[in-house]
Amino acid sequence: MKKCGVLKRITLLLAAFVLAIGTLSTFSGNFFAEAAENNMIYNDTFWKDTSGNNIYSQGGGVFKFGDTYYWYGVHYSGAETYAANPTKKNDDTAFKAVTCYSSKDLVNWKFENNVLTSKSSGFPWCYWFGRLGVAYCKNTGKYVLVAQHNESVLFASCDSPTGNFKVENIQDQITNVLKQGTGDQTVFIDDDGQAYIVCSNKGGRGHQYISKLRESDFLYAEPAVEVAKGSGREGNCLFKYKNKYYFCASDLHGWNSSHSYYMVADKITGPYSSWKIMDGTDEDFSYVTQTGFFVTVKGSKQETVLFCGDRWSDFAGNGIGYNQWVPLSIDGDYVKFNSLSEWSFNAETGEWGVGAGNNYCLNPTFEADRVNQTTLAGWKASGTGNSNKKGGRTGNWSAQQYDANAFKATLTQDLNVPNGTYNLKAWVKSSGGQNTAIIYTRTSEEDKIVNVNSKINDWTQIAIDGVQVNDGKVQIGIYSDGNAGNWLIYDDFTFIRDSSGTSAEPPEPEKIPDGELIKSLVVNDKDNYSDWSIQTGLAEGSEIFGDRAFRLTSVPEQLVGAEWIKAACDSKKFSADEAEYTAGADITAFVGLDTRVVPVPEWLSDWKKTDLTLTDDGNPVVTYNVYKKDVKTGEKVTLGAVNMSNAVNYIAMAKPYDPNESYMNPVEYTTGDLNGDGRINIFDMIFMKQALTEPVSDKRQMLAADMNGDNCVDVSDAVILQKILLGI
């Protein structure tokens with residue numbers, strides 16, 4: 001600090017930081033991003049390995065050893081039978097092998113070995129084998145496989161992740177777990193390499209547990225810690241994301257699909273929050289799966305969790321394929337399931353995107369509901385006569401509009417999709433004779449319909465092409481005005497973006513009107529462009545974001561009246577620079593950054609952190625640290641990326657440049673008390689002499705030394721202090 005300086009005035013506002021939870025759209029992130037052509041994951045199919053053979057891996061897990069991912073699961077005899085002719089479920093749970101596949105990218109899988117079979121060393125007779133995982137024990141240098149075996153837990157080991165495992169131990173009872181056996185289990189490996197069993201009790205499954213594997217060799221499950229009770233759960237599994245633990249499970253639906261539930265904790269053994277339903281799993285019951293296992297990928301650009309759902313279609317008959325994987329979007333205690341039929345994944349960066357052939361229709365095959373329903377998952381019914389129906393074109397179920405009396409029935413699904421042109425397809429049968437029977441699409445542009453009120457005995461595909469979406473919204477509908485006994489049966493809907501190249505481009509967004517200080521605002525995040533604007537008069541009560549209702553509850557007086565940018569909170573997950581503007585005058589530019597954004601983004605490295613903070617009325621509140629940079633007229637100001645899900649976006653502001661304003665806090669001091677001991681005495685004169693002869697970096701001391709208030713420390717200040725000490 002210089003000897004002579006201007007005393008600056010500033011108000012410090014303290015507030016608690018907690019993440020503000022957003023709406024569903026907060027977690028769109030790159031949901032509508034264009035997928036890369038390679039590294040595609042396709043659901044609703046029987047996956048193939050790199051040799052073109054079916055992947056048989058159920059009830060297992062993926063584990064990374066070194067730079068390679070290894071996928072272990074069970075090959076059941078019934079899985080092979082169903083894949084060959086997927087028209088009828090079977091009960092063949094006979095154990096054939098534990099398969100092992102390897103991959104560098106989590107998309108392309110090479111078959112390595114049947115690492116455990118009924119002929120493996122020490123393997124005893126079994127009527128049930130499954131729910132397994134593999135962990136590397138650093139103390140023994142061995143890979144340990146842990147699985148359910150009948151009513152017990154089996155442990156096997158091997159020197160290699162792809163070798164032939166040998167059974168080492170069978171543990172009949174885990175201490176503290178009610179009754180013998182586990183009610184579905186998985187293996188979780190923490191960041192330190194310690195492995196755990198995640199499970200419920202077998203009978204009733206109303207208790208959930210974490211059991212640590214014995215550190216010395218991983219060949220024994222130590223006494224379990226009960227982390228929840230009261231709700232029957234199966235498909236128990238766990239993932240870790242940004243140092244929080246998420247215990248997940250499904251309903252007790254047997255082989256059928258389910259909502260996905262989760263609890264959150266800061267420690268693996270809890271305490272955990274109450275159960276929550278994972279958002280996005282209601283519409284199609286977790287893409288017609290139950291919780292299987294998770295893979296957390298810490299990429300170079302983002303951390304992503306993959307939901308690896310078990311679709312036990314061989315034993316439930318509920319569709320095609322056994323393995324349905326989708327990415328999750330996570331924001332603190334909020335988890336969003338992104339239901340996708342086709343998507344790309346980059347295991348190096350952690351980024352994902354929606355495939356060009358993704359089917360945006362939810363529960364399109366009506367397999368989500370495992371029992372007869374008049375209210376179908378993902379669809380909205382009105383009138384009379386709507387229900388699902390046994391016997392689908394594929395899988396167990398289709399849907400119908402039928403009544404023994406005259407009826408009017410409507411079934412609709414409202415979708416949010418990227419703008420573009422789409423094609424709808426569905427398979428139908430019809431009795432004919434209805435006054436009206438149509439399948440339709442409705443957008444802001446037009447309604448399109450296909451009449452199906454003529455007799456259609458066999459499954460016939462109908463299509464509505466060229467559905468133009470310009471505002472991100474479309475409704476799919478089925479409507480019947482039927483006479484007594486008329487029926488319309490339908491199945492296997494697809495609503496896919498037109499990839500023929502004829503899709504109309506969305507209209508160019510209107511230019512954002514200039515402010516006085518902020519001009520030529522360019523927003524790179526086109527998906528959320530419409531929620532950005534330039535505002536004047538920043539104050540308490542100002543609504544911060546264009547897509548949220550958060551308001552500021554405290555604003556430092558130095559920033560009151562500032563011109564500012566109301567950004568889209570959803571832009572926080574845009575991976576590149578969000579925006580750029582031009583200074584319309586000499587300004588001081590400000591950015592209020594959510595305190596949870598750690599580390600501070602690189603693009604703010606040449607900005608100076610002030611002592612100012614903002615707070616909002618989020619529930620709970622968010623605190624923003626304020627950074628500043630002086631900018632000349634005509635210069636560009638880049639607003640970079642937050643690229644972080646568990647924070648809100650920043651607030652950009654500008655004020656006319658004031659060379660006399662530093663935006664730093666006032667310092668408490670008493671004139672003359674240079675050493676800060678609460679008294680003015682001879683010791684302060686010693687410090688005064690130092691202040692006159694040597695640079696002093698302590699601002700409080702410099703202010704205390706300015707006895708005459710002229711903003712300089714010189715001999716006249718020493719004279720005044722001397723007179724005080726002499727009582728003059």
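This is a short talk on the strands, sheets and one helix of a single chain, as they appear in a predicted model.

Let me begin with the chain as a whole, before going to individual strands. The secondary structure comes to six helices and 43 strands, and the C-alpha trace spans about 110 × 70 × 45 Å along its principal axes. Of the 728 residues, 56% count as buried, where buried stands for under 20% relative accessible area. The chain exposes about 29,900 Å², and carbon and sulfur atoms supply 48% of that area. If we take the contacts between residues at least 6 apart in sequence, 64% of them join residues at least 24 apart. On the charge side, there are 66 positive and 89 negative side chains, and the centres of these two sets lie 4 Å apart.

Now to the strands, and I would like to start with β15, which covers residues 244-250. How many of the seven residues of β15 are buried? Seven of the seven are, so the strand is largely enclosed by the rest of the structure. If we separate the two directions in which its residues point, K244, Y246, C248 and S250 go one way, while Y245, F247 and A249 go the other way, and all of them are buried.

The pairing around β15 can be followed on both of its partners. Strand β14, residues 234-241, is joined to β15 by six bridges, and the two run antiparallel; within that pairing, K240 has Y245 of β15 as its bridge partner. The hairpin of β14 and β15 has two residues between the strands, and in this hairpin K242 takes a positive phi near 50°. Six bridges also join β15 to strand β16, residues 260-265, again with the strands running antiparallel, and here the bridge partner of S250 is S260 in β16. As a general reminder, strands of a sheet pair through backbone hydrogen bonds, either parallel or antiparallel.

The second strand I want to show is β19, residues 303-310, for which eight of the eight residues are buried, so that this strand, too, is largely enclosed by the rest of the structure. Which residues of β19 lie on one side and which on the other? E303, V305, F307 and G309 are on one side and T304, L306, C308 and D310 on the other, and since all of these are buried, both faces of the strand are covered.

For the neighbours of β19, strand β18, residues 290-298, is joined to it by seven bridges in an antiparallel arrangement, with Q290 standing opposite D310 in β19. β18 and β19 form a hairpin with four residues between them. Strand β20, residues 323-331, is joined to β19 by five bridges, and these two strands also run antiparallel; in that pairing F307 stands opposite V326 in β20.

Let me move on to two open sheets. One has four strands in the order β10-β11-β12-β13, with antiparallel pairing, and its edge strands, each pairing on one side only, are β10 (182-189) and β13 (225-229). Neighbouring strands of this four-stranded sheet are turned by 20° against each other on average, direction ignored. Within the sheet, β12, residues 207-212, pairs with β13 in the antiparallel sense over four bridges, and Q208 has A228 in β13 as its bridge partner.

The other open sheet has three strands in the order β1-β22-β23, and its pairing is antiparallel as well. Its edge strands are β1 (40-42) and β23 (352-354), each of which pairs on one side only, and neighbouring strands are turned by 30° against each other on average, direction ignored. Three bridges join β22, residues 342-345, to β23, with the strands running antiparallel, and the bridge partner of F345 is W352 in β23.

Finally, a few words on a helix. In α1, residues 77-84, the buried residues are S77, G78, A79, Y82 and A83. What covers these buried residues of α1? The cover includes the strands β2 (58-65), β3 (68-76) and β4 (95-103), together with the helix α3 (313-316).

Terms used
Residues numbered from 1 in each chain as written. Predicted model: local features only at pLDDT ≥ 70, side-chain atom pairs only at ≥ 80, totals over all residues. Heavy atoms only, no water. Pairing = 2+ DSSP bridges. Axes fitted to C-alpha atoms, helices over the stretch in contact; angles between N-to-C directions. Buried < 20%, exposed > 50% of the residue type's maximum accessible area, 1.4 Å probe, protein only. Contact = heavy atoms within 4.5 Å. Areas by Shrake-Rupley, 256 points an atom, 1.4 Å probe, with all protein chains shown as cover. Lys, Arg positive; Asp, Glu negative; His and termini not counted. Charge placed at Lys NZ, Arg CZ, Asp CG, Glu CD.
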